[in-house]
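The report below is meant to be read alongside the sequence and the coordinates. Please keep both in view while following the text.

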Amino acid sequence: MKAQNIKCIILGHRNYGEFNKIVFLYSQEYGKLKVVAKGARKITSKFTGHLETLNFCSASIYFGPRSTILTEIETIQSNKHLRTDLTKLKAALQIAEITDQLLFENQNITNLLELLKQTLDQLIISQKESIIIYSYIIKLLDHTGHIPDFSDFKEDKYLKFFHYLKINPVADAEKISLSKEENYIINNKLKKAIETQTDREIKSFTI
């Protein structure tokens, strides 16, 4: 297959060999991809600055016989405003990590890239980072068919809360206020739901 042009967000990366990186990204065209950025760890690499987690990019990839190769990349939006606030940055990195964990390679979800963009844009202006994370996770779990059964909650308000987040835009989450106890209960419930699907322990969400 020849080189393909994509729009994507960087979900994370790790070192591969002496000079390369493996990059995990979510693309509008092909869903989640694992690509090899050859020479990305060299000082003179053309990839320098473009592979940062949370960057929205325009890229070219080549589907080789053994691996998918990243050939070109250019940052469209770096979300630099998130990087200047530690709480917001932590929240955004959790969104990227959870997305990477919950999706399998080549899984493509309609409008997920746009949902990611909306969520990160909302985080920049939000003072309720934890609720923005909850809203995104509920929508992602719903889209992947992994949304848990919340019927074990004795109080109906939690069922209404999760339903509200599922059907309303991320920005509408700003209308909700949670007590410390409510936040703790919801946090643990979603944490458990993600760990059940990924078989990996994750840190608590930003509160």
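How many residues lie between strand 2 and strand 3 in the hairpin that they form? There are three residues between these two strands. The model is a predicted one, and the description that follows should be read with that in mind.

## The barrel

Five strands close into a barrel in the order 1-2-3-5-4, and the pairing among them is mixed. Direction ignored, neighbouring strands of this sheet are turned by 45° against each other on average.

Strand 1, residues 4-16, pairs with strand 2, residues 20-27, in the antiparallel sense over eight bridges, and Ile-10 stands opposite Leu-25 of strand 2. Strand 2 is in turn joined to strand 3 by seven bridges, the two strands running antiparallel, with Phe-24 opposite Lys-34 of strand 3. The connection from strand 3 to strand 5 is made by two bridges, and here the strands run parallel; Val-35 stands opposite Thr-68 of strand 5. Strand 3 itself, residues 31-37, is mostly covered, with six of its seven residues buried.

## The loop between strands 1 and 2

Glu-18 lies in the loop between strand 1 and strand 2. The residue is exposed, with a relative accessible area of 60%, which is to be read against the cut-off of over 50% for exposed residues. Although Glu-18 and Gly-39 are 21 residues apart in sequence, their C-alpha atoms are 8.5 Å apart in space.

## Helix 1

Helix 1, residues 86-102, has 17 residues, which at 1.5 Å a residue should span 24 Å, and its end C-alpha atoms are indeed 24 Å apart. The helix is mostly covered, since 12 of its 17 residues are buried; among them are Leu-89, Ala-92, Ile-95 and Ile-98, and also the polar or charged side chains of Lys-88, Gln-94 and Asp-100. What covers the buried residues of helix 1 includes strand 1, strand 2 and strand 3, together with helix 2, helix 3 and helix 5.

## Helices 2 and 3

Helix 2, residues 112-125, lies across strand 1, strand 2, strand 4 (56-63) and strand 5 (68-77), and runs at about 65° to strand 1.

Helix 2 also packs with helix 3 at an angle of about 170°, their axes being 10 Å apart. Angles over 145 degrees count as roughly antiparallel, and helix 2 and helix 3 are therefore roughly antiparallel to each other. The contact is made on the helix 2 side by Leu-112, Leu-115, Leu-116, Thr-119, Gln-122 and Leu-123, and on the helix 3 side by Glu-129, Ile-132, Tyr-136, Lys-139, Leu-140 and His-143.

## Helix 4

For the 12 residues of helix 4, residues 156-167, the span expected at 1.5 Å a residue is 16 Å, and the end C-alpha atoms are 17 Å apart, which agrees. Which residues of helix 4 are buried? They are Tyr-158, Phe-161, Phe-162 and Leu-165. Seen down the axis of helix 4, these buried residues fall within an arc of 90°, so they line one face of the helix. An α-helix has 3.6 residues a turn, so residues three or four places apart point the same way.

The buried residues of helix 4 pack against helix 3 (129-143) and helix 5 (180-198), whereas the face turned away from the buried side carries the exposed residues Lys-160 and Ile-167.

How values were computed:
Residues numbered from 1 in each chain as written. Predicted model: local features only at pLDDT ≥ 70, side-chain atom pairs only at ≥ 80, totals over all residues. Heavy atoms only, no water. Helix = DSSP H or I, 4+ residues; strand = E, 2+ residues; numbered from the N terminus. Expected span 1.5 Å × (residues − 1). Buried < 20%, exposed > 50% of the residue type's maximum accessible area, 1.4 Å probe, protein only. Arc of directions from axis to C-beta. Contact = heavy atoms within 4.5 Å. Pairing = 2+ DSSP bridges. Axes fitted to C-alpha atoms, helices over the stretch in contact; angles between N-to-C directions. Parallel < 35°, antiparallel > 145°, perpendicular 65-115°, else oblique.
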